[in-house]
Amino acid sequence: MSDTPSTSSVFLPTWPTRRTDANLYPNGSTKSDELVLHDYGLEEIPMRYHIEQPEEDYDPQNVKKLDLTHNSFVILRGLTTFNNVSVLDVSFNSLSALPEDIGTLSSLTTLIARNNLLEHLPKGLQLLENLEHLYLSGNRLEYVPPVILTMRKLKTLHLGGNYIDSCPSNISVLTLLRVLYLGGNRLREIPASIGCLDELENLGLCDNILETIPSTLGDLHYLETLSLHNNRLRTLPTDILNLRRLQQLSLRNNPLVHSFVHNMDLAPPSLKELSGRTVRQNYHKVPNLDEILPSDLVAYLGSACQCVNPECQGVYFDARVEHIKFVDFCGKYRVPLMQFLCSPRCSAGVPSVDYDTSSESEEEIEPIMRRVLLG
Ligand SMILES: [Zn+2]
């Protein structure tokens, strides 16, 4: 691929509606350091342009923002002459690859290459140490290109509308990510390590084939938007109630409310469990119990969980009954969350629907008990 810039000169027609005194640059640009070459049918980057007579030249060194969207680029030549560019947008072209020498654009903070034909990314991208925003939606990627995981300053990563069928667990190295969009792919699962992305504010996982999401999503304390619509989710981990900043949660087109029941055998709680429950509830009646009991039993008693039924006051250890509670979320959704009760008898005291709807049929959402024994 040639590094030689094109010497072609193109005539850019003036756009009366866009050309005002405050808008002196071609095709809507208002800043002298922007070169906006949008929708001219270009196949090469012109090194000269003229709006009106006399012909105006530009110096690629002065360009901070380069917009080449909606043209006919198949390959990009001459990009390296723009070595001070910080925002490059090559969306809506026919690029099957980005040039290897793109790595020389060391000032680049934003790279937008939506809606092209990209299947891979060049290794040269790893030289873009200052890149913070990367938009690659609407391409032909079948995997998350490993070079992305070297870009440790990334705050925004859009990979929607590709053919990606797995998310690598080491996505967690991108600790500065605030926006991660993976919608419209072929994802079946999300790695638990996603919970390590501490700064994440916006997570798009819609339009995939997810059947579960990891409970570690509850660790994303800054999350404001979570898109899960058009998946195969049957339930959500209770941990998402930890997402105190969540403002938008989209869940439509998931089998969430249906088919909870799986036939699972209910085995009786162990003798240790039953005696543990009794001791735990009468803890206060026996002074210095911690000093009398062996330390492993003290630890066991300390591991008791409170039954969610407020009428019960009971505890459980390993034997618990799963209970689906519907919570009204954001005033828009009824979210089925997993809760745990100490025994099947306790279900009577806990409303399975935690909100008041006047018109909607509650028969649609049968209070369903699912019995699960763990441990
Ligand atoms: Zn109970």
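## Reading a predicted β-sheet model

Colleague: L236 sits in the loop between β11 (225-227) and β12. Is L236 buried or exposed?

Modeller: This is a predicted model, and what follows is read from its coordinates. Burial is a count of C-beta neighbours, and 20 or more within 10 Å make a residue buried. L236 has 25 other C-beta atoms within 10 Å and is therefore buried. Its C-alpha atom is 9.8 Å from that of E211, and these two residues are 25 positions apart along the chain.

Colleague: Which other residue in the loop between β11 and β12 can I look at?

Modeller: I240 also lies in that loop. I240 is buried because 21 other C-beta atoms lie within 10 Å. Once neighbours within four places in sequence are left aside, I240 is in contact with L217 and G218. The C-alpha atoms of I240 and D219 are 8.2 Å apart, with their positions 21 residues apart along the chain.

Colleague: D219 has a partner elsewhere too. How far is the C-alpha atom of D219 from that of D198?

Modeller: The separation is 7.6 Å, for residues 21 apart along the chain. D198 belongs to the loop between β9 and β10 (202-204). With 13 other C-beta atoms within 10 Å, D198 is partly exposed.

Colleague: These loops join strands. How do the strands of a sheet hold to one another?

Modeller: Strands of a sheet pair through backbone hydrogen bonds, and the pairing is either parallel or antiparallel. Here an open sheet of 10 strands, paired in parallel, runs in the order β2-β4-β5-β6-β7-β8-β9-β10-β11-β12. Its edge strands are β2 and β12 (248-250), each of which pairs on one side only. From one strand to the next, the twist averages 5 degrees. In total, the protein chain has 3 helices and 17 strands.

Colleague: How many bridges join β2 to β4?

Modeller: There are 3 bridges, and β4 covers residues 65-67. V36 has D67 in β4 as its bridge partner.

Colleague: Where should I look for the nonpolar core?

Modeller: Begin with the members that touch the most others. The largest nonpolar core holds 62 residues, and those touching the most other members are L105, A113, L134, L157, L159 and L180. At least two residues of this core come from each of β2 (34-36), β7 (133-135) and β9 (179-181). Apart from this core lies another, of 8 residues, including C307, A319, V321 and C346. For the contacts of a single member, take L180: beyond four places in sequence, L180 is in contact with L157, L197, L200 and L203.

Colleague: What does L108 touch, not counting residues up to four places away in sequence?

Modeller: L108 touches V85, S86, L88, L128, N130 and L131. L108 lies in the loop between β5 (87-89) and β6 (110-112). L108 counts as buried because 26 C-beta neighbours fall inside 10 Å. From L108 to E132 the C-alpha distance is 8.5 Å, across 24 residues in sequence.

Colleague: Which residue in the loop between β4 and β5 should I check for its backbone angles?

Modeller: Check H70, which has its place in that loop. Phi of H70 is near 55 degrees, a positive value in a residue other than glycine. H70 counts as partly exposed, with 16 C-beta neighbours inside 10 Å. F92, in the loop between β5 and β6, also shows a positive phi, of about 55 degrees, although it is not a glycine. F92 has 19 other C-beta atoms within 10 Å; since 20 are needed for a buried residue, F92 is partly exposed.

Colleague: What share of the protein chain is buried, and what share of its contacts joins residues 24 or more positions apart?

Modeller: Buried residues are 29% of the 375 in the protein chain. Among contacts with a separation of 6 or more, 37% are between residues 24 or more positions apart.

Colleague: Where does the pLDDT stay under 50?

Modeller: One such stretch is residues 51-55, for which the model has 7 contacts beyond four places in sequence. Residues 258-265 also have pLDDT below 50, and this stretch has 12 contacts beyond near neighbours in sequence. For the protein chain, the mean pLDDT is 79, and 73% of the residues reach 70 or more.

Note on methods: Residues are numbered from 1 along each chain as its sequence is written. This is a predicted model: local features need pLDDT of at least 70, side-chain atom pairs count only at pLDDT 80 or more; totals for chains, interfaces and linings use all residues. Helices (H or I, at least four residues) and strands (E, at least two) are DSSP runs, numbered from the N terminus. A residue is buried if 20 or more other C-beta atoms lie within 10 Å of its own, exposed if 12 or fewer, and partly exposed in between; C-beta atoms are placed from the backbone. Two residues are in contact if their C-beta atoms, placed from the backbone, lie within 7 Å. A nonpolar core is a set of buried Ala, Val, Leu, Ile, Met, Phe, Trp, Tyr and Cys residues joined through C-beta atoms within 7 Å. Two strands pair if DSSP finds at least two bridges between them. Axes are lines fitted to C-alpha atoms, for helices over the stretch in contact, and angles run from 0 to 180 degrees between N-to-C directions. pLDDT is the predictor's confidence in each residue, from 0 to 100.
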